[in-house]
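Here is a friendly walk through this structure, written to be read beside the viewer. Please keep the sequence at hand as you go.

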Protein chains: 2
Amino acid sequence: MRVTAVSGGIGGARFLRGLLAVLDPADEVTVIGNTADDIWLFGLKVCPDLDTVMYTLGGGIDETRGWGRHDESWQAKEELAAYGVEPTWFGLGDRDLATHLVRTQMLEAGYPLSAVTAVLSKRWLASLRPPVRLLPMSDDRVETHIVIEDEDGRRAVHFQEYWVRLHAQVPTHDVVVVGQRESAPAPGVLQAITSCDVLLLPPSNPVVSVGTVLGVPGVRDAVRSTNAPVVGVSPIIGGAAVRGMADQLLTAIGVEVSSAAVAAWYGARSGGGLLDGWLVDTSDAASVPVLAASGIRTNAVPLLMRDAATTAAMAGATLQLAEQCASDRSR
Amino acid sequence: MRVTAVSGGIGGARFLRGLLAVLDPADEVTVIGNTADDIWLFGLKVCPDLDTVMYTLGGGIDETRGWGRHDESWQAKEELAAYGVEPTWFGLGDRDLATHLVRTQMLEAGYPLSAVTAVLSKRWLASLRPPVRLLPMSDDRVETHIVIEDEDGRRAVHFQEYWVRLHAQVPTHDVVVVGQRESAPAPGVLQAITSCDVLLLPPSNPVVSVGTVLGVPGVRDAVRSTNAPVVGVSPIIGGAAVRGMADQLLTAIGVEVSSAAVAAWYGARSGGGLLDGWLVDTSDAASVPVLAASGIRTNAVPLLMRDAATTAAMAGATLQLAEQCASDRSR
């Protein structure tokens, strides 16, 4: 079975880890990683979501933080601060730095991000079974900026500044994905969507993770046209984001913070949208019949990824739902 | 008093530290640093000699190694090796990395190396008394390559590869300073030579440290024409380099490995060369009358920089010799 999954950072990466646990070693997984969080820092290209996927699946992640490397040290960061170099709010660890150095050097040498990601992935993903191929959503520069309001007035800041420095604790007015309209899907992305057996939208942020991948020209059409069942997992449980800042950003783009509203925003494929199936938490079971009526087959299972076992169970439920959707479609 | 000194790495930097100890806080020191050892590694511009001067004078150096930062860690280096990235023989520490990141980012933004060095120096040199101004010899790319012979035949390797990877333990045929003829002195370099009260050539490698600075077009003429006494300190004691690979490189360019031969190679100013004075070790005292006869006033003092006290005494002897040379010239 060929499974293709979109992924943001921690939520998507942990979901993928559960997915690998329930798939057969002979299956094939392609991950389309969000790159709209990417940022240039200290002259280095940092791809937080791609790195979180690599580190999480490859055993390099710091499990407590959910980002960056385990056994990390921060000597270079302290020294940069001692030189008075901004920004000081972004944590580039010493181990992590090596990833950005390799990436930046290859990009400067002219390799596209997809080629660089393939090289970096060799270290982290090559020995996984089932095998995992990580593709950036695009080789082009696409950057999420958030329109906020603070003492400097209404202005747009890079997503990382919004999230890491401001902790999303400022009035949030809009989401602007710079460069998206001019971007193209990275090599392999459209094919991974149209020629897979199951397409999964993990519980990553629907606006700035899954949404930015879907926003790359051609991706949404590919999702609409794939023969594979398209199944999403709600990042919202009982009216709040499981982690991250999905609530503020959904509100900013005018979407109610509920698993049903996010599903409706993705839309039923039968109605020109993206979803065949949608997985909600048991606490949101009330929305199951409503969404089913709108054309989205919805199952309710425990969605908290508490540990390896609950995460694997949730991934298994996602695949089960995909099977149900596939048999719905073949009827 | 305005003192200008050329400097390579460890030998020059330690000599400068002794010099600061014997100068008056109201004096002014300008250091012209060798940049022909510079190398691009992992996309970063590394300037080993400039950094050794900054770290040594500013209290950041690892005293045992004589290069790099104290309390250094090597996590990024290990990770780069884990990615399979070459070269693995050059030790970029985590703390040290920050310096190269700041430098590279500024260079990429279009600042010349001299402006970047001024910014980095603020952190390390700004509070020193007497004040120290560090100038790179040139803003242009000048790179020492060494013609060696090994299993791959006769070929040129970057100086750092020769020194750090090969430990200078290969047949050494020639020294080629790439880009030197097309280079120009960095802003302030010629003026620092022509308008100082004392010009010092420290016990740095005469070929690949002092020699490369002198080889920047215009520098040798400025040294010949300055009104300041020009005094050098021998890097050779009793037929061997105190440290480093001066012996192999002197041999490669056809100069005998002795303090007298190095002095003769620099030449007496009175004979169109560079030196008014030359400091040799007491063990080389036999050369004093010979060099004096050739027009180079030569004193013999203990030259080993064993500790702060012996280094300061040696720097004091250098200044004393400079005074003698100045009074010779005014006669």
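## Where the two chains meet

Six salt bridges are counted between chain B and chain A. One of them pairs B:Glu79 with A:Arg123, whose closest N and O atoms lie 2.8 Å apart. Do keep in mind that this is a predicted model. Polar contacts can be counted as well: 16 residue pairs between chain B and chain A are in polar contact, with both residues at pLDDT 80 or more.

Which helices of chain B supply residues to the side that touches chain A? α3 (75-82), α4 (94-108) and α5 (113-125) of chain B each bring at least two. Of these, α4(B) gives the most, with eight residues. By type, the residues on this side of chain B divide into 14 nonpolar, five polar and eight charged.

The contact as a whole takes 27 residues from chain B and 27 residues from chain A. Together the chains bury about 2300 Å², and 57% of that is on carbon and sulfur atoms. Three residues are worth picking out in your viewer: B:Gln75, B:Glu79 and B:Tyr83 supply 30% of the area that chain B buries against chain A, more than any other three residues. B:Glu79 is also the salt-bridge partner of A:Arg123.

## A helix pair within chain B

Two packed helices are described by the angle between their axes and the distance between the axes. In chain B, helix α1 (residues 10-22) packs with helix α2 (residues 48-58) at an angle of about 35°, and their axes are 9 Å apart. The crossing of α1(B) and α2(B) is right-handed.

From α1(B), the residues in this contact are B:Ile10, B:Ala13, B:Arg14, B:Leu16, B:Arg17 and B:Leu20; they meet B:Thr52, B:Val53, B:Thr56 and B:Leu57 of α2(B). Sorted by type, the residues of this contact are six nonpolar, two polar and two charged.

## Backbone details in the loops

Two cis peptide bonds can be looked up here, one in chain A and one in chain B.

| Cis peptide bond | Omega | Place of the proline |
|---|---|---|
| A:Glu86 to A:Pro87 | about -5° | loop between α3 (75-82) and α4 (94-108) of chain A |
| B:Arg129 to B:Pro130 | near 0° | loop between α5 and β5 (132-136) of chain B |

Another backbone detail is at B:Phe42, a residue other than glycine with a positive phi, near 55°. B:Phe42 is found in the loop between β3 (39-41) and β4 (44-46) of chain B.

Conventions. Residues numbered from 1 in each chain as written. Chains lettered and ligands numbered in written order. Predicted model: local features only at pLDDT ≥ 70, side-chain atom pairs only at ≥ 80, totals over all residues. Heavy atoms only, no water. Axes fitted to C-alpha atoms, helices over the stretch in contact; angles between N-to-C directions. Helix = DSSP H or I, 4+ residues; strand = E, 2+ residues; numbered from the N terminus. Left-handed = near helix turned anticlockwise from the far one by under 90°. Contact = heavy atoms within 4.5 Å. Nonpolar A, V, L, I, M, F, W, Y, C, P; charged D, E, K, R; others polar. Buried area = accessible area lost by both parts, 1.4 Å probe. Salt bridge = Lys/Arg side-chain N within 4 Å of Asp/Glu carboxyl O. Polar contact = N/O pair within 3.5 Å; in protein donor to acceptor, adjacent residues only side chain to side chain.
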